[in-house]
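Here is a set of questions about how the labels given to a structure follow from its computed values, each answered by setting a value against its criterion.

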Number of protein chains: 2
Amino acid sequence: MPGKEGPNAVKPIRVALLGCGTVGTEVVRLLTDQADDLTQRIGAPVELAGIAVRRPNKHREVPEHLLTTDAAALVTSADVDVVVEVIGGIDPTRGLLLDALRAGKSVVTANKALLAEHGPDLFEAADASGADLYFEAAVAGAIPLLRPLRESLAGDRITRVMGIVNGTTNFILSAMDATGAGYAETLEEASRLGYAEADPTADVDGFDAASKAAILASLAFHTRVTAADVYREGIRAVSAADIAAARGLGRTVKLLAICERVTAPSGQESVAVRVHPAMIPRTHPLASVNGAFNAVFVEADAAGEMMFYGQGAGGAPTASAVLGDLVAVARNQVAGGRGPRESAYAALPAQPMGHTPTRYHISLDVADKAGVLSQVAAVFAEHDVSIAAVRQEGRVEDASLVIVTHAATDAALRSTVDKIGGLPVVRDVVSVMRVEGEE
Amino acid sequence: MPGKEGPNAVKPIRVALLGCGTVGTEVVRLLTDQADDLTQRIGAPVELAGIAVRRPNKHREVPEHLLTTDAAALVTSADVDVVVEVIGGIDPTRGLLLDALRAGKSVVTANKALLAEHGPDLFEAADASGADLYFEAAVAGAIPLLRPLRESLAGDRITRVMGIVNGTTNFILSAMDATGAGYAETLEEASRLGYAEADPTADVDGFDAASKAAILASLAFHTRVTAADVYREGIRAVSAADIAAARGLGRTVKLLAICERVTAPSGQESVAVRVHPAMIPRTHPLASVNGAFNAVFVEADAAGEMMFYGQGAGGAPTASAVLGDLVAVARNQVAGGRGPRESAYAALPAQPMGHTPTRYHISLDVADKAGVLSQVAAVFAEHDVSIAAVRQEGRVEDASLVIVTHAATDAALRSTVDKIGGLPVVRDVVSVMRVEGEE
């Protein structure tokens with residue numbers, strides 16, 4: 001109602017919200033509950049211009065008159081300054097956000113999959129119109145992580161980002177570690193408790209973590225990294241035996257997202273980005289990150305090691321990250337500035353997983369007779385893989401042999417394990433797992 | 001040499017550096033080593049216009065022709081866009097930075113004491129000229145913490161900030177915990193190893209942590225909090241007996257900076273900001289923060305709990321934080337925007353320590369006879385302090401009595417301890433320490 005405003009009233013920031021599920025509802029709640037604070041912090045009030053939903057008749061705790069099914073019209077409406085997207089998925093979200101950005105609307109999104117697949121297109125559209133693109137909520141929920149990477153560490157050289165970025169798999173692995181139960185049983189329990197989706201594929205097969213790894217690597221290394229560049233292994237194959245083997249070595253198993261800057265002897269730099277389960281020492285700070293929490297370690301040349309820890313998902317934490325971005329975008333509109341743009345100037349090549357140096361833990365059931373260790377050790381030598389530690393324990397009929405390697409290329413380690421599995425003296429390969437978080 | 005530049009060359013960002021000690025030298029090194037990256041990230045090259053030092057003849061690894069003793073002329077020079085201050089102290093730094101800001105130069109500073117005492121003056125000068133004021137390096141060294149508080153959590157309601165923000169005292173307390181040695185002996189060792197200054201007052205008496213707490217509280221609660229508002233107790237009185245008592249209870253002692261939003265029954269909010277040693281459970285994430293590392297816990301309504309961890313001091317980590325701010329300021333100058341301004345609209349009153357709810361651990365040597373516990377317990381009841389746990393152990397001649405209280409006002413707890421110390425059955429008050437980090 002323009003008639004109510006005086007001539008000096010500050011123009012409000014008008015927000016279109018796309019999606020009104022758990023996160024969207026929380027965004028509306030925070031915008032309402034904190035309206036006065038937000039006005040003070042931004043220098044202008046924030047108002048909801050509309051909320052695009054698919055099913056307008058579903059019960060929601062939001063003002064009904066704001067609901068619309070016409071997302072396409074909403075995102076380009078002259079009445080909208082900022083588009084907040086919490087629908088998720090690639091389509092139709094991609095088209096909506098591109099339209100919004102092209103129309104000069106700044107975008108705040110929590111959509112990790114979209115950013116990991118089509119981030120460059122979104123950035124280009126934002127650049128063309130001078131709009132802002134913020135996405136703190138896309139990785140590690142409420143934990144301020146992308147802003148530190150994009151801004152706080154912008155004067156440093158980041159060498160490594162490693163973390164736990166998926167709450168569902170972390171819940172499952174934490175529970176397996178606590179109870180000794182197997183994967184299938186624990187997944188069922190996680191579903192019952194609401195920690196796993198009915199279709200858990202995106203989480204347990206590592207797709208969600210891989211999207212986040214792509215986003216983290218892009219920001220950390222000033223390079224376009226998409227989901228296709230990320231090596232990905234989920235947790236379906238993690239067994240109770242793997243967890244027990246880790247425990248026996250003072251380690252625990254976590255699904256890690258690892259983004260590394262790798263320098264070849266020639267001086268050529270590349271980025272190696274991967275998601276896979278790995279054993280880490282129980283003394284490592286990531287080891288005590290349990291349940292639905294996320295934590296990310298960042299290493300930079302000057303800053304050294306840092307860790308960021310907090311709630312990685314959920315309506316309120318994700319909404320907090322969305323609101324932080326919304327305040328930033330709104331401040332930019334009030335003050336006439338712009339947030340950081342895509343920074344991909346380094347354009348480093350992606351290193352294939354086979355060339356990436358890793359370390360393996362291998363646990364074998366072997367025949368308890370002379371010469372077994374020498375046969376096994378010969379296979380390692382043949383593949384130029386150096387052994388860091390061996391533990392052999394005899395039992396009545398057979399023996400267990402546990403080997404931890406030094407770093408070698410992942411390809412060499414895989415070939416070694418394949419060949420060892422075929423040795424007649426090896427009865428069973430009980431557990432094979434990468435080892436991280438120690439020298 | 002302007003003749004070398006084409007007509008479309010981007011105007012470089014010209015930087016005046018004040019101070020060239022450990023941090024300053026690292027700033028120069030990073031500006032040089034990363035010049036190409038910084039140009040790409042900012043969109044313009046960054047150049048040093050001059051370095052103000054007191055003793056120009058001292059050997060330094062920086063270009064000699066940039067050195068000047070005339071800091072006052074440098075900070076207002078037409079050739080300077082940004083002033084980076086790593087001198088420290090209140091005077092003459094305060095005047096230099098006010099002059100710089102008034103002249104429209106953006107300022108990046110690591111000066112916690114200056115910000116905690118005169119932050120509002122600096123912000124006002126920045127606002128008057130439209131300059132930026134950034135100070136990430138002032139708290140927790142390289143750990144991105146202030147940007148998350150000022151920006152990432154700008155849409156949330158922060159309720160608590162608690163952390164370890166002083167590396168020297170953390171080194172001393174970690175060493176006391178590891179060795180069982182007393183304070184004086186451990187301080188001496190810390191000095192020998194370079195972890196404590198010749199005059200350790202600023203660290204061990206909590207002044208440094210109190211300045212940082214004031215800055216954190218100001219940002220978290222959108223309120224002006226100065227060092228004078230911060231309750232401060234250092235670690236000089238922490239004894240080997242305190243550390244041993246903590247260990248016996250599964251706890252460890254840390255010097256904590258705690259900033260809380262407190263809501264009175266009337267609904268009136270205030271801020272309680274304090275620095276003191278406290279016992280925390282060994283299972284608390286802050287317990288494993290050892291040596292010169294810093295870690296800060298942040299709690300917000302929507303985001304929940306977060307932790308930030310990393311190197312809290314040192315030349316390179318501090319320089320990393322300074323460079324991150326320098327990139328932000330430079331980007332703002334290139335893109336025509338401004339960073340966040342002072343946000344003090346909430347103007348919450350400071351709550352005195354006596355009114356602040358805390359919990360105490362009290363360890364007593366008492367006479368081993370009937371009725372001791374009832375006499376001691378009566379004193380607690382008299383002061384309306386509720387007891388959470390008691391452990392009494394008889395010995396040959398006397399007994400030890402350990403009490404952990406529920407939350408009560410600090411004033412009530414202090415009176416209780418004073419009165420208990422005067423009871424004839426109490427032979428010695430072995431240890432009194434606040435308890436944090438548990439329900």
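Q: Leaving aside neighbours within four places in sequence, which residues is B:Thr358 in contact with?
A: In this predicted model, and with neighbours within four places in sequence left aside, B:Thr358 is in contact with B:Arg274, B:Met353, B:His406, B:Ala407, B:Ala408, B:Asp410, B:Leu413 and B:Arg434. B:Thr358 itself has its place in strand 13 of chain B, residues 357–367.

Q: Why is B:Thr358 called buried?
A: The label buried requires a relative accessible area under 20%, and B:Thr358 has a relative accessibility of 2%, so B:Thr358 counts as buried.

Q: What makes the pair B:Thr358 and B:Asp410 a polar contact?
A: The side chains of B:Thr358 and B:Asp410 are joined at 3.0 Å, and because the criterion asks for a pair of N or O atoms within 3.5 Å, the pair is a polar contact.

Q: Why is strand 13 of chain A described as largely enclosed by the rest of the structure?
A: Of the eleven residues of strand 13 (residues 357–367) of chain A, ten are buried, and therefore the strand is described as largely enclosed by the rest of the structure.

Q: How do you know that strand 13 of chain A pairs with strand 16 of chain A?
A: Pairing needs at least two bridges, and strand 13 is joined to strand 16 (residues 408–409) of chain A by two bridges, the strands running antiparallel, so the criterion is met. The bridge partner of A:Pro357 in strand 16 of chain A is A:Thr409.

Q: Which bridges join strand 13 of chain A to strand 17 and to strand 15 of chain A?
A: Eight bridges, in the antiparallel sense, join strand 13 to strand 17 (residues 426–435) of chain A, where A:Arg434 is the bridge partner of A:Tyr360. With strand 15 (residues 398–405) of chain A, strand 13 of chain A pairs over seven bridges, again antiparallel, and here A:Val404 stands opposite A:His361.

Q: What makes strand 3 and strand 6 of chain B edge strands?
A: Six strands of chain B form an open sheet with parallel pairing, in the order 3-2-1-4-5-6. Strand 3 (67–68) and strand 6 (133–134) of chain B each pair on one side only, and they are the edge strands. Within the order, strand 1 (residues 13–18) and strand 4 (residues 82–85) of chain B are joined by four bridges and run parallel, with B:Leu18 opposite B:Glu85.

Q: Why is the meeting of A:Arg147 and B:Glu151 called a salt bridge?
A: The nitrogen to oxygen distance between these side chains is 3.7 Å, and because the criterion asks for a side-chain nitrogen of Lys or Arg within 4 Å of a carboxyl oxygen of Asp or Glu, A:Arg147 and B:Glu151 form a salt bridge. Across the interface of chain B and chain A, two salt bridges are found, together with 22 residue pairs in polar contact, both residues at pLDDT 80 or more.

Q: Which element gives the most to the side of chain B that touches chain A?
A: Strand 12 of chain B gives the most, with eight residues. The residues of that side divide into 20 nonpolar, 13 polar and ten charged. The contact takes 43 residues from each of chain B and chain A, and the two chains bury about 3800 Å² between them, 54% of it on carbon and sulfur atoms.

Q: How do you know that strand 12 of chain A pairs with strand 12 of chain B?
A: The two strands are linked in the antiparallel sense over five bridges, and since at least two are needed, they count as paired. One of the bridge partnerships is that of A:Tyr309 with B:Met307.

How values were computed:
Residues are numbered from 1 along each chain as its sequence is written. Chains are lettered from A and ligands numbered from 1 in the order in which they are written. This is a predicted model: local features need pLDDT of at least 70, side-chain atom pairs count only at pLDDT 80 or more; totals for chains, interfaces and linings use all residues. Side-chain values use heavy atoms; hydrogens and water are left out. Contact means heavy atoms within 4.5 Å. Buried area is the accessible area (1.4 Å probe) that two parts lose on being put together, summed over both. A polar contact is a pair of N or O atoms within 3.5 Å; within protein, one must be able to donate a hydrogen and the other to accept it, and residues adjacent in sequence count only if both atoms are side-chain atoms. Ala, Val, Leu, Ile, Met, Phe, Trp, Tyr, Cys and Pro count as nonpolar, Asp, Glu, Lys and Arg as charged, and the others, Gly among them, as polar. Buried means under 20% relative accessible area, exposed over 50%, partly exposed in between (1.4 Å probe, protein chains only).
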